[in-house]
Amino acid sequence: MKTPIKISVQLTEDDYITYIDYFFKVSQEGRRRTRRLYMLGFGAFLIYAGLMRNHELYGMQNMQTYVAHIALALILFAGFFWAVINLVRPSLARLSLKTGAAKALLLPVTYTFDDEAIELQNNEGKGRIVLNAIRGYEDHNDYIYIHLGGMSAFVLPKAQLDDEAMRSIFDCLAKTRK
């Protein structure tokens, strides 16, 4: 890249929610965290099933009633964790945008891409991320996600970028480890 490319973007609430959904449903780290949550739920179910193993003590006189009870409990546990992952998480993300430090994510940001680093600046301050610190990037649907680690990423809506800017960004990101 000969000259640095400078772009300005501003995320909306929907862009942020889309990234949260992408993180937990598509990215490796997010899927890993989701699996951990399901394993936690399955562990809770096993504890419950272990406590209920003496089915006669709880008024279940035959094994069929016990098996039906455990099957229903498994469905309820799985449904609870599905609801947490798919319904509660987006609501919590919206709430964090309104009340927490995440509000700063919706401020306009100017990114400057050059051969060595990505600089960003908004009303809160400025920062610099060297390209070697970037864990990867992904061109996914309407966004470019630049992963920094954990849930941290730069989210660039393609609708706010022209074709030349996107080519320059991908040229710059090609120098990172993907």
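Partly exposed means a relative accessible area between the buried limit, under 20%, and the exposed limit, over 50%. Arg94, at 30%, is therefore partly exposed. The model described here is predicted.

## Overall build

The protein chain has four helices and seven strands. Read from the N terminus, the order is β-α-α-α-β-β-β-β-β-β-α. The C-alpha atoms fill a box of roughly 80 × 35 × 25 Å along the principal axes. The radius of gyration is 23 Å, whereas a compact globule of 178 residues would have one near 16 Å.

Buried residues make up 34% of the 178 residues. The accessible surface comes to about 10,900 Å². Carbon and sulfur atoms account for 58% of that surface. Among contacts with a separation of 6 or more, 56% join residues 24 or more positions apart.

## Two nonpolar cores

In soluble globular proteins, nonpolar side chains tend to be buried together. The largest nonpolar core here has 20 residues. Those with the most contacts inside this core are Ile7, Tyr111, Phe113, Ile118, Ile146 and Leu156. At least two residues each come from β1 (5–9), β2 (109–113), β6 (143–149), β7 (152–157) and α4 (163–173). Helix α4 gives the largest share, five residues.

Another core lies apart from this one. That second core has 14 residues, including Leu11, Tyr19, Ile20 and Leu97.

Tyr111 shows how the largest core is knitted together. Residues up to four places away in sequence are set aside here. Tyr111 then touches Ile5, Lys6, Ile7 and Val9, among others. The list of Tyr111 partners also includes Ile118, Glu119 and Leu120, as well as Phe154, Val155 and Leu156.

## Helices α2 and α3

Helix α3 spans residues 63–99. Tyr38, Trp82, Leu87, Val88, Leu92 and Leu95 make a nonpolar surface patch of about 580 Å². Five residues of the patch, its largest share, come from α3. Leu92 is one of the patch residues and is found in α3. Its relative accessible area is 52%, so Leu92 counts as exposed.

Leu46 sits in helix α2 (residues 28–51). Leu46 is partly exposed, at 46% relative accessible area. Leu46 and Leu74 are 28 residues apart in sequence, yet their C-alpha atoms are 9.0 Å apart.

## Salt bridges

The count comes to five salt bridges. Three of them are listed here, with N to O distances.

| Pair | Distance (N to O) |
|---|---|
| Arg94 and Asp14 | 3.6 Å |
| Glu119 and Arg128 | 2.8 Å |
| Lys158 and Asp139 | 2.2 Å |

The side chains of Arg94 and Asp14 meet in a salt bridge. Arg94 lies in α3 and Asp14 in helix α1 (residues 13–25), so the pair ties together parts that are 80 residues apart in sequence. Asp14 is partly exposed, at 49% relative accessibility.

Glu119 pairs with Arg128. Glu119 is partly exposed at 29%, and Arg128 is partly exposed at 44%. Glu119 is also among the residues that Tyr111 touches.

Lys158 pairs with Asp139. This bridge links distant parts of the chain: Lys158 in the loop between β7 and α4, and Asp139 in strand β5, 19 residues apart. Asp139 is partly exposed, with a relative accessible area of 41%. Elsewhere, bridges that share partners join Glu13, Asp14 and Arg94 into one network.

## Two loop residues

Ala102 lies in the loop between α3 and β2. Buried means under 20% relative accessible area, so Ala102, at 15%, is buried. Beyond its neighbours within four places in sequence, Ala102 is in contact with Tyr16, Ser96 and Leu97. Leu97 is also a member of the 14-residue core. The C-alpha atoms of Ala102 and Tyr143 are separated by 19 Å, with their positions 41 residues apart along the chain.

Asn141 is found in the loop between β5 (136–140) and β6. Most residues other than glycine have a negative phi. Asn141 is not a glycine, but has a positive phi of about 50 degrees. The residue Asn141 is exposed, at 59% relative accessible area.

Key:
Residues are numbered from 1 along each chain as its sequence is written. This is a predicted model: local features need pLDDT of at least 70, side-chain atom pairs count only at pLDDT 80 or more; totals for chains, interfaces and linings use all residues. Side-chain values use heavy atoms; hydrogens and water are left out. A nonpolar core is a set of buried Ala, Val, Leu, Ile, Met, Phe, Trp, Tyr and Cys residues joined through side-chain atoms within 4.5 Å. Buried means under 20% relative accessible area, exposed over 50%, partly exposed in between (1.4 Å probe, protein chains only). Contact means heavy atoms within 4.5 Å. Patches are made of residues with over 30% relative accessible area and no salt bridge: like charges are joined within 9 Å, nonpolar side chains (Val, Leu, Ile, Met, Phe, Trp, Tyr) within 5 Å. Accessible areas come from the Shrake-Rupley method with a 1.4 Å probe; for residues, only the protein chains shown count as cover. A salt bridge is a side-chain nitrogen of Lys or Arg within 4 Å of a carboxyl oxygen of Asp or Glu. The radius of gyration is taken over C-alpha atoms; the globule rule is 2.2 Å times the number of residues to the power 0.38.
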